[in-house]
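Biologist: Could you walk me through this one? I'd like to start with a single residue and then move to the ligand.

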Amino acid sequence: MHIVFIGPPGAGKGTQCKRLAAALGIPQLSTGEMLRNVKQQDSALARWVGSHLDTGELAPDHLVMRIVASRLAEADCRQGCLLDGFPRTLVQAQSLDELLQQRGQQLDRVLELRVPPDILKERLLKRAELERRGDDTFATILARLQIYETQTAPLLDYYRERNLLTTIDGTGSPEQVFETIRRLLTQHCSDH
Ligand code: AMP
């Protein structure tokens with residue numbers, strides 16, 4: 001089973017993905033986390049990746065695809081995985097399709113977590129205080145929301161046209177949102 005989580009920063013992708021991964025017993029792949037790990041290293045690549053993360057810009061597609069392809073090839077992903085924050089561009093979405101096809105696998109569902117911009121800004125500022133993530137400054141938050149709208153939101157149509165998209169109201173408590181996800185996935189599985 002392969003499920004993609006799409007949503008703007010602060011929508012709760014990481015939180016929900018972690019819960020669902022535990023419930024389904026398959027790994028959660030967060031490209032944001034993978035890129036932050038690259039940034040920790042002491043190399044020219046790390047500094048280059050870091051410069052993207054710090055400004056909120058997307059890392060280049062070819063780099064992200066290389067990281068994802070090698071992670072998907074690991075043994076624990078054989079039964080599938082949950083993709084958190086990936087794909088974020090059309091190029092990544094098309095490359096993911098090819099990658100899964102080469103492996104004889106397919107994407108089962110795309111979950112969009114929808115949250116209004118005001119609530120997102122509030123959540124991100126709170127997270128900035130709690131987690132001290134370098135990219136949760138106010139200027140970067142605005143840039144990341146803008147980048148989501150221009151580069152990632154077009155993916156919603158891409159997946160809607162292929163009947164893969166389920167939109168979820170992400171404004172409730174983490175427990176409420178998770179219940180909705182569970183209900184919609186169960187419903188979807190019994191319909192197919
Ligand atoms: P996240 O933890 O998902 O909010 O991602 C944090 C940052 O990592 C983003 O603002 C981007 O700079 C970078 N990033 C994460 N996933 C991707 C991706 N699929 N493509 C490009 N950049 C990404």
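Modeller: Before we look at any residue, a word on terms: a residue is called buried when its relative accessible area is under 20%, and exposed when that value is over 50%. Please also keep in mind that this is a predicted model.

Biologist: OK, so is threonine 152 buried or exposed?

Modeller: Threonine 152 has a relative accessibility of 4%, which is under the 20% cut-off, so threonine 152 counts as buried.

Biologist: And where is threonine 152 placed?

Modeller: Threonine 152 belongs to helix α7, which covers residues 138–152.

Biologist: What does the side chain of threonine 152 reach?

Modeller: That side chain reaches the backbone oxygen of arginine 88, at 2.8 Å. If we leave aside the neighbours within four places in sequence, threonine 152 is in contact with Ile6, Pro87, Arg88 and Ile147.

Biologist: Switching to the ligand, which residues come nearest?

Modeller: There are 17 residues around the ligand, and of these Thr31, Glu57, Ala59, Arg88 and Gln92 come nearest. Arginine 88 therefore appears on both sides of our chat, as a contact of threonine 152 and as a residue around the ligand.

Biologist: What about polar atoms at the ligand?

Modeller: An N or O atom in the side chain of arginine 88 is 3.0 Å from a nitrogen atom of the ligand, while a backbone N or O atom of alanine 59 lies 2.9 Å from a ligand nitrogen atom. In addition, a polar side-chain atom of arginine 36 lies 3.0 Å from an oxygen atom of the ligand.

Biologist: How much of the ligand's accessible area does the protein cover?

Modeller: The protein covers 96% of the 480 Å² of accessible area that the ligand has on its own, and the ligand sits in the largest pocket.

Biologist: Which helix gives the most to the shell?

Modeller: That is helix α2, residues 31–40, which gives four residues to the shell around the ligand.

Terms used:
Residues numbered from 1 in each chain as written. Predicted model: local features only at pLDDT ≥ 70, side-chain atom pairs only at ≥ 80, totals over all residues. Heavy atoms only, no water. Helix = DSSP H or I, 4+ residues; strand = E, 2+ residues; numbered from the N terminus. Buried < 20%, exposed > 50% of the residue type's maximum accessible area, 1.4 Å probe, protein only. Polar contact = N/O pair within 3.5 Å; in protein donor to acceptor, adjacent residues only side chain to side chain. Contact = heavy atoms within 4.5 Å. Near = heavy atom within 4 Å. Areas by Shrake-Rupley, 256 points an atom, 1.4 Å probe, with all protein chains shown as cover. 1 Å grid on protein atoms, 1.4 Å probe; cavity = no way out; pocket = protein on both sides within 12 Å on 5 of 7 lines; lining within 4 Å. Sits in = over half its atoms within 2 Å of the grid points.
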